[in-house]
Amino acid sequence: MHPAQQVSGTATVPGDKSISHRSLMLAGIAEGLSEISGFLASDDCHATLRAMRALGVTIDQSSPTQVTVHGAGLRGLKPGGHALDMGNAGTAMRLFTGLLAAQNFDSQLIGDESLMKRPMERVALPLRQMGAAVTTAQGTPPVNIRGGQSLRGIEYRMPVASAQVKSAILLAGLYAEGISTVIAPALSRDHTERMLRSFGVRVDTEDLTVRLYPPQVLQAQQLQVPGDFSSAAFLIVAGLLAASNAGLLIQNVGMNATRSGLLEILRSMGGNIEVQNRRSAGAEPVADLLVSKSSLHGIVVPPALVPLAIDEFPVLFVAAAAASGESLVSGAEELRVKESDRIAAMSEGFSALGVAHTVLPDGMRIVGRGDGVAFFGGRVDSRGDHRIAMSFVVASLRAAGSITIRDVTNVATSFPDFGPLVRSIGIDLNET
Ligand code: S3P
């Protein structure tokens, strides 16, 4: 990839990954036909789709983004017959662990090399407290689930603010006796709660506590998946670093406040992002964003915003490297257990591209170069992590020479048309 001067025009982001996974799972256990529009046709979501089909749910895809699910009902899932392969998708594995822990058949969940190293006891532990028989291989997959257990609702205090853990408990709670309560240390994305309510389930939220009342049935729904804020994040930072005078317009961006923490962070760095045309897509808020080129300055990122921007730190690190002065991210140790160790992966790339930074156990201190060139050209390794790969594509906008990124096929796990889309706004990206 060669350094480009400007990005401009209009870009529309693909469907939200978190919401696409959840829509298949909930529609699959509902009564009747659910229509999903705006579905994210990515590798991760296809792993969930294949698993739901293996579990006996009929799913038609009239186009890549338009999906019809013939709900099997709460008790209608059938044994998968083989290990269910979640690919690179941590969300799929953790949410399926909750859903399958409550079925009357056994299941095994496996994944790719990255997923097989990720922590799964964080979901297995509370599920065992509910009465489930879930085991891991010393904390990591394969996840083995023995079916036929009767579950009971628990009150669980989550040690980390994880939407995946919360969601796994809520999915198991659909089948439990009594109320399931999850108390979080901080806010995390609430798509599961919103979607369960659309399917007719009683879910009460009060501050950091969520309570689910087990339903008799879930009623099929028309579901609209909004654009993924986490995919928009790469375009937002690209616009701040290099938009032409007319700015960069990003359409159909999911604006759920539990996801959009990056906007607040970038604005406090001096980023000019105008929110236009606020509307809703089903249970979720959506807007268009007009991003102008901005002189960014470093900040101390408030730790309370970390879970609300958890997937956006790689590209935020790029913004910080192109800001003037120092930025500090702390309280983000969860970055160590994402698709890669994102602190280590970004640090390695920054070292190759000449960015002054210090690695912290739970974050990074970054000394930005300010306006103008912020990165040397060079070679970086994405470590097979889609968000690391896309972040270094954005860095190329302020690089002195071309940046070559290794191991980029996993971009298709969340943003299948990233290449053509960033080329259409002016980024000189070649894929080999
Ligand atoms: C997700 C929750 C987050 C996030 C992940 C998607 C979800 O993970 O990083 O990409 O869809 O629930 P944690 O729950 O581990 O924070």
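Me: In this predicted model, what makes the link from the side chain of Gln-221 to the backbone oxygen of Gln-219 a polar contact?
Reply: The side chain of Gln-221 reaches that oxygen at 3.1 Å. The cut-off for a pair of N or O atoms is 3.5 Å, so the pair qualifies.

Me: Which other backbone oxygen does the side chain of Gln-221 reach, and where is Gln-221 placed?
Reply: The side chain also reaches the backbone oxygen of Ser-198, at 3.0 Å. Gln-221 lies in the loop between strand S12 (209-213) and strand S13 (222-224).

Me: What makes Ser-18 a polar contact of the ligand?
Reply: An N or O atom in the side chain of Ser-18 is 2.7 Å from a ligand oxygen. That is within 3.5 Å, so the pair counts.

Me: Which part of Lys-338 and which part of Gln-164 approach a ligand oxygen?
Reply: Lys-338 uses a polar side-chain atom, at 2.7 Å. Gln-164 uses a polar backbone atom, at 2.8 Å.

Me: How much of the ligand does the protein bury?
Reply: Alone, the ligand exposes 380 Å², and the protein buries 95% of that. The ligand sits in the largest pocket.

Me: Why are Arg-22, Arg-94, Arg-189, Asp-311 and Lys-338 of the shell called charged?
Reply: Asp, Glu, Lys and Arg count as charged, so these residues fall in that class. The shell has five charged, four polar and two nonpolar residues.

Me: Which helices and domains supply the shell?
Reply: Helices H1 (17-28), H3 (90-101) and H5 (163-173) each give at least two residues. Domain 1 (7-15 + 226-424) and domain 2 (17-224) each give at least three.

Definitions and conventions
Residues are numbered from 1 along each chain as its sequence is written. This is a predicted model: local features need pLDDT of at least 70, side-chain atom pairs count only at pLDDT 80 or more; totals for chains, interfaces and linings use all residues. Side-chain values use heavy atoms; hydrogens and water are left out. A residue is near a molecule or strand if one of its heavy atoms lies within 4 Å of it. A polar contact is a pair of N or O atoms within 3.5 Å; within protein, one must be able to donate a hydrogen and the other to accept it, and residues adjacent in sequence count only if both atoms are side-chain atoms. Accessible areas come from the Shrake-Rupley method with a 1.4 Å probe; for residues, only the protein chains shown count as cover. On a 1 Å grid over the protein atoms alone, a cavity is a set of points where a 1.4 Å probe fits but cannot get out, and a pocket is an open set with protein on both sides within 12 Å along at least five of seven lines; lining residues have an atom within 4 Å of a point. A molecule sits in a cavity or pocket if more than half of its atoms lie within 2 Å of its grid points. Helices (H or I, at least four residues) and strands (E, at least two) are DSSP runs, numbered from the N terminus. Domain bounds come from an automatic or database domain assignment.
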